[in-house]
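Reader: Please pick one part of this model and look at it closely. Then follow its connections outward, step by step.

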Amino acid sequence: MIGPTTTRRSLGAIAALVSGAALLSAAGPGPDLTAEHPAEETDAESQERFVGMAPYRGYLEAHAGVEEPPRLAGGPVEMSVSQRSGGVHVALPAQRELDPDVFGTPELPRAFGGTPGINGLPPGGRNASGGQWTTSKSMTPFGDEAVVMGNGRLKLEATDVSAVDAASSEDEVTFRASWEDEAGNTYAVECCQMLATRGVEYPTFGGVVTNHILHGSSRIGTALMPTEFTYLAFWGMGRVLKNGEVQQAPRLVHGMLTEYVRGEGYELTGDAGVTPTRKHFHLMVPPMMPDREEGRFHHSNVETGFTLPNDKPLPFWHVMFGNVDIQSTRGG
Amino acid sequence: MVGNGRRIVSGGLKSAAALVGAAALIAAAWTSGTVQEATATVEMTNRLTFTSDSVVIGVGETVEFRNTSALVHTVTGDPSRSSLDASVHLPEGAEPFHSGRMKPGETFSHTFESTGTYRYFCVPHEGAKMHGVVVVRDREDMRE
């Protein structure tokens, strides 16, 4: 097997950047966005205020109690996505360049509500220069740093039946993905013991959604990913394995087949850099866990079992599969 | 040939085979291992690059492409398989070529029969701008 190769800088350099601590969670408070912002507000109170501003709260409230969700117009969509050979790109912690099309400007910020990183990003969590946002202050799973690992395998079977968020769903997902490091360790993620029939801060459409815009300005999922057309996505609770042993369960697992959102040097593009005519599959096990009672996410590192050269654990999986075969049918 | 990888040949071999009998030539080539001597070698990397992003060869000469990465790549000089205008350019009259998916360790050779500039790309990484160029000159010009 061919060993990992970072796409832009050495693993050692990346490791030096990783504190191992507050990925995403150190977004911090934001500046005064309203005249009513109390001067005595603490950082924690300020952050809570932004979490409470997740834009889909009303929509989710309207759908939470739906017992029999409407079905998709035109009938169910069945899709299978697989990769049988070749490696994968595994994202490493890095700051995310902030796209003005998504995040606005310091003068007119956008995409600030919701749990930092997994939904919006408070202005206080952003670096700025010359009247523009530049990067996230914290390391994220959505930067330009990645390592290649070998023997990537992916098998996803999904059925999208239910159209909207609801208390129940007819959607179905069977998912397994695996890859190997240069030492021969095999990492895997399986899903879904339970589908997210309704979202916590943004919609999940019954657990599976097809042919929809996600991320970026859609505010469905993290705004740190570009706005991208998504042929298939799912959210559910699954498990993380290493060498066949369960490392952690349950964990939130999100997968999606989208248009291509990487550019030269495998950098994560902004909205204007997306290639609509190519597709790839993303797997995300975020360092966050949903709290349905509070209607938000809390920081929780993933026990990936993968260690960076500075002995810090990689606290999330964000893995891209580029050699995929896709099949789909509609209305069956 | 790299490792235990599959070897794929196109271009000049295909043209020659048409002249002297495809089956016999291909069989001879595979058994003798003397398919077409490569005059240039280009590797395909984990960094989504072709190691020599521009090579110069004489007409009728062969370039061997080696997938030394852990990823699946292609060598594609076929406009019908590209989705971006900048991905492919072929000299007038040149035949399109495509390696198919090359697993880690596999090689692909192509013989360039027309002079001019060929721009090719990798299908899975077209969006990441994985491109290369082969410039083919008359052999007379190469001696100057």
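**From one loop residue to a buried strand**

Author: A:Tyr266 sits in the loop that links β10 and β11 of chain A. The model is predicted, and that applies to everything below.

Start with the backbone. A:Tyr266 has a phi near 65 degrees. That is a positive value, in a residue that is not glycine. Is A:Tyr266 buried or exposed? It counts as buried, because it has 24 C-beta neighbours inside 10 Å and the cut-off for burial is 20 or more.

Now compare another residue with positive phi. A:Asn151 is not glycine either, and its phi is near 55 degrees. It lies within strand β5 of chain A. Its surroundings are described by another class. A:Asn151 is partly exposed, because 17 other C-beta atoms lie within 10 Å. That count falls between the limits of 12 and 20.

Go back to the loop and look at the strand before it. Strand β10 of chain A covers residues 245-260 and contains A:Pro250. The peptide bond leading from A:Ala249 into A:Pro250 is cis, with omega near -5 degrees. A further cis bond lies elsewhere in the chain. It joins A:Cys191 and A:Cys192, with omega about 5 degrees. A:Cys192 belongs to strand β7 of chain A, residues 186-195.

Next, the strand after the loop. Strand β11 of chain A spans residues 275-285. It pairs with β14(A) over 5 bridges, in the antiparallel sense. One contact point can be named: A:Phe281 has A:Phe321 of β14(A) as its bridge partner.

That brings us to β14. What surrounds this strand of chain A, residues 317-321? It is largely enclosed by the rest of the structure, because 5 of its 5 residues are buried. Its side chains go two ways. A:Trp317, A:Val319 and A:Phe321 point one way, while A:His318 and A:Met320 point the other way. In a regular strand, side chains alternate between the two faces of the sheet. Both sets in β14(A) are buried.

Strand β14(A) has another antiparallel partner. Strand β2 of chain A, residues 88-91, is joined to it by 2 bridges. Here A:Val90 has A:Val319 as its bridge partner.

A:Val319 deserves a closer look. Leaving aside residues up to four places away in sequence, it touches A:Val88, A:Val90, A:Ala177, A:Trp179 and A:Leu283. A:Val88 and A:Val90 fall in the range of β2, 88-91. A:Leu283 falls in the range of β11, 275-285. The partner strands therefore also appear in the contact list of A:Val319, where two residues in contact have C-beta atoms within 7 Å.

The largest nonpolar core holds 104 residues. Those with the most contacts inside it are A:Val173, A:Val189, A:Val285 and A:Val319. Strand β5 of chain A, residues 146-160, gives the largest share of this core, with 7 residues. A:Asn151, the partly exposed residue described earlier, lies in that strand.

For contrast, take an exposed spot. A:Gly131 is in the loop between β3 (126-129) and β4 (132-136) of chain A. It counts as exposed, because it has 8 C-beta neighbours inside 10 Å. Beyond four places in sequence, A:Gly131 touches A:Thr105 and A:Pro106. A:Leu108 lies 23 residues from it in sequence and 10 Å away, C-alpha to C-alpha.

Step back to the whole chain. Chain A has 4 helices and 15 strands. Of its 332 residues, 51% are buried. Among its contacts with a separation of 6 or more, 72% link residues 24 or more positions apart.

How confident is the predictor? Chain A averages a pLDDT of 90, and 88% of the residues score at least 70. Over residues 1-22 the pLDDT is below 50, and this stretch has 53 contacts in the model beyond near neighbours in sequence. Residues 25-36 stay under 50 too, with 32 contacts beyond four places in sequence.

Finally, the partner chain. Chain B has 3 helices and 9 strands. Of its 144 residues, 38% count as buried. Its share of contacts between residues 24 or more positions apart is 66%, among those with a separation of 6 or more. Where the chains meet, 17 residues of chain B contact 20 residues of chain A. The chain B side of this meeting divides into 7 nonpolar, 5 polar and 5 charged residues.

Terms used. Residues are numbered from 1 along each chain as its sequence is written. Chains are lettered from A and ligands numbered from 1 in the order in which they are written. This is a predicted model: local features need pLDDT of at least 70, side-chain atom pairs count only at pLDDT 80 or more; totals for chains, interfaces and linings use all residues. Ala, Val, Leu, Ile, Met, Phe, Trp, Tyr, Cys and Pro count as nonpolar, Asp, Glu, Lys and Arg as charged, and the others, Gly among them, as polar. Two strands pair if DSSP finds at least two bridges between them. A nonpolar core is a set of buried Ala, Val, Leu, Ile, Met, Phe, Trp, Tyr and Cys residues joined through C-beta atoms within 7 Å. pLDDT is the predictor's confidence in each residue, from 0 to 100.
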